[in-house]
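Thanks for sharing this one. Here are a few notes to read with the structure open beside them.

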Amino acid sequence: MVSLKEFNYSELERWVRKQGWKKFRAKQLSKWIYTKKVRSFDEMTDLSKDIRNFLNKNSKLNVLSLASYEKSSEDGSIKFLWKLEDGHTIESVFIPERGHNTLCVSTQVGCAVGCKFCFTTTDGLIRNLTTAEIIDQYIQSQIFVGLDRRISNVVYMGMGEPLANYENVKKSVQILTDDRMLGLSNRKITISSSGIIHQIKKMYEDSTFPQVRLAISLNAADQGTREKIMPISETNSIHDLMETLNRLPIKTGYRIMLEYVLIKGINDRPEDAHNLAKLIGRHKKRYKVNIIPFNPFPGSEFKRPDKDTVEKFHKILWQYNIGAFVRWSKGADISAACGQLRKKEIDRLVKIV
Ligand code: SAH
Ligand code: SF4
């Protein structure tokens, strides 16, 4: 049974026409699903009873159910654990910030990329999420926190590699940015990738992929170090990756974010910061660097560097006039931080069902 959250606007229109209904039904459905965010067809009061019966029998709205959630007492962020229809679970994180609210969404159950510092990938990839499963994270989180606390920003930095689930991620971005659907601003959406070069190129050549912000998990400034912590570097070298990024036709004001997880004794020396600055070279205006102190998780071989080391690293980049900031992860006390998203034992979370 198809979920209507699976369709972008033209697909929704096509589906509506296929049922023999007039085109404006797509507009009505969109309003109920995306503006009013109703949870059932029965609430769609301007549809006839026949149509509502048909929808109930032949389609569905929701594809996630909330298994549990955990709220950080430090910063108010909320980690949601969603149950999928096949029993797998995924997580999203709501992050309230001054002036705006952000949701970090997952794109896969697990991840095949295998970065050594990341908890998500421990059991490899289980499956891609559908478009509806990505979109429902947004809608259901918004309903949970209240429609008056609008989620204006979405970051694809949860579980999974977004560009390894290209078509479904693309469609979810279309739904998020379409004014007839969720209507978010393109500049408030960020896709984070581990750096799969051919997929990055494909995205920028694809005129149907709405242009949003790009973040790249760089995590090292030389090939040897990057290969050690990110096996994907063996086939997507740091040199080829930077060449590609330097040439991407990015819109003005859409700087590429280079994410750099700082790991003690691995990539946190002053020399690494100098190397990073050299790697960026004359393209300073194209990038900003996001330094993320490593978040430890059970069984991990790595450690977080101390505050002084982090600050020193940051300062060196500033000396080169490179825009850099440190992201001391939100929700660290509830393991909602980057790279920690992975099914947790449910009883560690606040049980609500
Ligand atoms: N797969 C995508 C998006 C999800 S990971 C990607 O790799 O970009 C989101 C971010 O979390 C990445 O920048 C990644 O480098 C970072 N990350 C992963 N594990 C981490 C950890 N243990 N501590 C801090 N950051 C981590
Ligand atoms: Fe996958 Fe991103 Fe984790 Fe790497 S950092 S294993 S790409 S989720």
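The points below cover two helix pairs, two loop residues and the surroundings of one ligand. Please keep in mind throughout that this is a predicted model.

1. Let me begin with α1 and α2. The axes of α1 (residues 9-18) and α2 come within 8 Å, crossing at roughly 125 degrees. Since angles of 65 to 115 degrees count as roughly perpendicular and those over 145 as roughly antiparallel, α1 and α2 are therefore oblique to each other. Their crossing is right-handed.

2. Which residues of α1 and α2 make the contact? From α1 come Tyr9, Leu12, Glu13 and Val16, and from α2 come Arg25, Ala26, Lys27, Leu29 and Ser30. Sorted by class, the contact of α1 with α2 has five nonpolar, one polar and three charged residues.

3. Just past α2 you may like to look at lysine 37, in the loop that runs between α2 (24-35) and α3 (49-58). Lysine 37 is not a glycine, yet its phi is positive, at about 55 degrees. Is this lysine 37 buried or exposed? Its relative accessibility is 14%, and because buried means under 20%, lysine 37 counts as buried.

4. The second helix pair is α9 (residues 270-280) with α10 (residues 307-319), whose axes lie 9 Å apart at an angle of about 30 degrees. Angles under 35 degrees count as roughly parallel, so that is how α9 and α10 are described relative to each other. The crossing of α9 and α10 is right-handed.

5. On the α9 side, the contact is made by Pro270, Asp272, Ala273, His274, Leu276 and Ala277, while α10 supplies Lys312, Phe313, Ile316 and Leu317. The classes here are seven nonpolar, one polar and two charged residues.

6. Following α10 onwards, asparagine 321 sits in the loop between α10 and β14 (324-326). Asparagine 321 also has a positive phi, of about 65 degrees, without being a glycine. With a relative accessible area of 61%, asparagine 321 is exposed, because the cut-off for exposed is over 50%.

7. Finally, which residues surround ligand 2? They are Cys111, Val113, Gly114, Cys115, Cys118, Thr121, Gly160, Glu161 and Ser194. The shell around ligand 2 divides into four nonpolar, four polar and one charged residues. For anyone tallying by eye, Cys counts as nonpolar and Gly as polar.

Notes:
Residues are numbered from 1 along each chain as its sequence is written. Chains are lettered from A and ligands numbered from 1 in the order in which they are written. This is a predicted model: local features need pLDDT of at least 70, side-chain atom pairs count only at pLDDT 80 or more; totals for chains, interfaces and linings use all residues. Side-chain values use heavy atoms; hydrogens and water are left out. Axes are lines fitted to C-alpha atoms, for helices over the stretch in contact, and angles run from 0 to 180 degrees between N-to-C directions. Helices (H or I, at least four residues) and strands (E, at least two) are DSSP runs, numbered from the N terminus. A crossing is left-handed if the near helix is turned anticlockwise from the far one by less than a right angle, and right-handed if clockwise. Contact means heavy atoms within 4.5 Å. A residue is near a molecule or strand if one of its heavy atoms lies within 4 Å of it. Buried means under 20% relative accessible area, exposed over 50%, partly exposed in between (1.4 Å probe, protein chains only).
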